[in-house]
Amino acid sequence: MSSKHSLLGQPAPALSLPDADGSTYELKPGGQGKPMAIFFYPKAGTFGCTREVCGFRDALTEKVEFKDSGITVIGISPDPVPAIKAFATKHNVTYPMLSDESGEARKAYSISRRMMGLSEGRVTFFVDSEGVVRDVFDSVINFNGHISAISKALEVYNSQGKPTDAAAAAAEPTTTTND
């Protein structure tokens, strides 16, 4: 099922959030000239979130499209820093894991609760090297689909090369919802 997300084709919001060590992490999409996968997950340590977080960790070293693009992966949850630290350490997470206890990141990225309000949303954004949201995958229950969605977006991105402003403007962003 497809729907339109308000950030598609728009610059991804920049944020400052605490990372797993409690240091302030400056999230600046497009600031490094590389694509980004920014994924929001409901709760550290749960089955689905562990599968998703470890899936992204493994993709960074195992999937050609991830390695070829130099993509930056960022995980964000509403958990407090100590919970994220324990989770990231236990699972040897190699990318930034950020705490959004205040909900400012979920608000900036227009992520609402799912499953009749019983769960935080699980949403992944593919942001191009210019900092523009090009694809969104939204599914609480299909946690492996988030890695697949980024893989597909990267295949297209890698085949087209780094977009110019004209190419980025002409690119057709998509949203996939799968609940």
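The exercises below work through the cores, ring pairs, helices and backbone angles of one predicted model.

The model is predicted, with local features requiring pLDDT of at least 70 and side-chain atom pairs counted only at pLDDT 80 or more, while totals for chains, interfaces and linings use all residues. Residues are numbered from 1 along each chain as its sequence is written, and side-chain values use heavy atoms, with hydrogens and water left out.

**Exercise 1. The nonpolar cores**

Task: Find which residues have the most contacts inside the largest nonpolar core, and which helix supplies the largest share of this core.

Solution.
Step 1. A nonpolar core is a set of buried Ala, Val, Leu, Ile, Met, Phe, Trp, Tyr and Cys residues joined through side-chain atoms within 4.5 Å. Buried stands for under 20% relative accessible area, exposed for over 50%, and partly exposed for values in between (1.4 Å probe, protein chains only).
Step 2. The largest core has 24 residues, and Tyr41, Phe56, Phe66 and Met97 have the most contacts inside it.
Step 3. Helices (H or I, at least four residues) and strands (E, at least two) are DSSP runs numbered from the N terminus. At least two residues of this core come from each of strand E3 (36-40), helix H1 (47-62), helix H3 (81-90) and helix H5 (145-160). H5 gives the largest share, five residues.
Step 4. Another core lies apart from this one; it has 20 residues, including Leu8, Ile74, Tyr109 and Val123.

**Exercise 2. The surroundings of two phenylalanines**

Task: List what phenylalanine 56 is in contact with, leaving aside neighbours within four places in sequence, and do likewise for phenylalanine 39.

Solution.
Step 1. Contact means heavy atoms within 4.5 Å.
Step 2. With those neighbours left out, phenylalanine 56 touches Ala37, Phe39, Phe66, Val73, Tyr95, Thr124, His146, Ile147 and Ile150.
Step 3. Phenylalanine 39 belongs to strand E3. Beyond four places in sequence, its contacts are Glu52, Val53, Phe56, Val73, Ile74, Gly75, Ile76, Tyr95, Val123 and Thr124.
Step 4. One of these, valine 123, is 84 residues away in sequence, yet the C-alpha atoms of phenylalanine 39 and valine 123 are 5.8 Å apart.

**Exercise 3. Aromatic pairs**

Task: Classify the pair of phenylalanine 39 and tyrosine 95, then the pair of tyrosine 41 and phenylalanine 87.

Solution.
Step 1. Rings of Phe, Tyr and Trp (its six-membered ring) pair if their centres lie within 6.5 Å; planes under 30 degrees apart are stacked, over 60 edge-to-face, and the rest tilted. The whole structure holds nine aromatic pairs.
Step 2. For phenylalanine 39 and tyrosine 95, the centres are 6.0 Å apart and the planes at 65 degrees, an edge-to-face pair. It joins distant parts of the chain, 56 residues apart: phenylalanine 39 is in strand E3, and tyrosine 95 is in the loop between H3 and strand E5 (97-99). Phenylalanine 39 is buried at 0%, as is tyrosine 95 at 7%.
Step 3. For tyrosine 41 and phenylalanine 87, the centres are 6.2 Å apart and the planes at 40 degrees, so this pair is tilted. Tyrosine 41, in the loop between E3 and H1, and phenylalanine 87, in helix H3, are 46 residues apart. Tyrosine 41 is buried at 0% and phenylalanine 87 at 4%.
Step 4. Ring pairs link Phe39, Tyr41, Phe56, Phe66, Phe87 and Tyr95 into a cluster.

**Exercise 4. Helices H1 and H3**

Task: Check the span of H1, then locate the buried residues of H3 around the axis.

Solution.
Step 1. The expected span of a helix is 1.5 Å times one less than its number of residues. For the 16 residues of H1 this gives 22 Å, and the end C-alpha atoms are 22 Å apart, which agrees.
Step 2. In H3, the buried residues are Val81, Ile84, Phe87 and Ala88. They are on the same side of H3, because they cover an arc of only 130 degrees (taken from the directions from the helix axis to the C-beta atoms).
Step 3. Pro82 and Lys90 are exposed on the other side of H3.
Step 4. The cover over the buried residues of H3 includes strand E1 (15-18), H1, strand E4 (72-77) and E5.

**Exercise 5. Positive phi**

Task: Say where asparagine 92 and serine 110 are placed, and whether each is exposed or partly exposed.

Solution.
Step 1. Asparagine 92 is not a glycine but has a positive phi of about 50 degrees. This residue is in the loop between H3 and E5 and is exposed at 56%.
Step 2. Serine 110 also has a positive phi, near 55 degrees. Serine 110 lies in the loop between helix H4 (104-108) and strand E6 (123-127) and is partly exposed at 38%.
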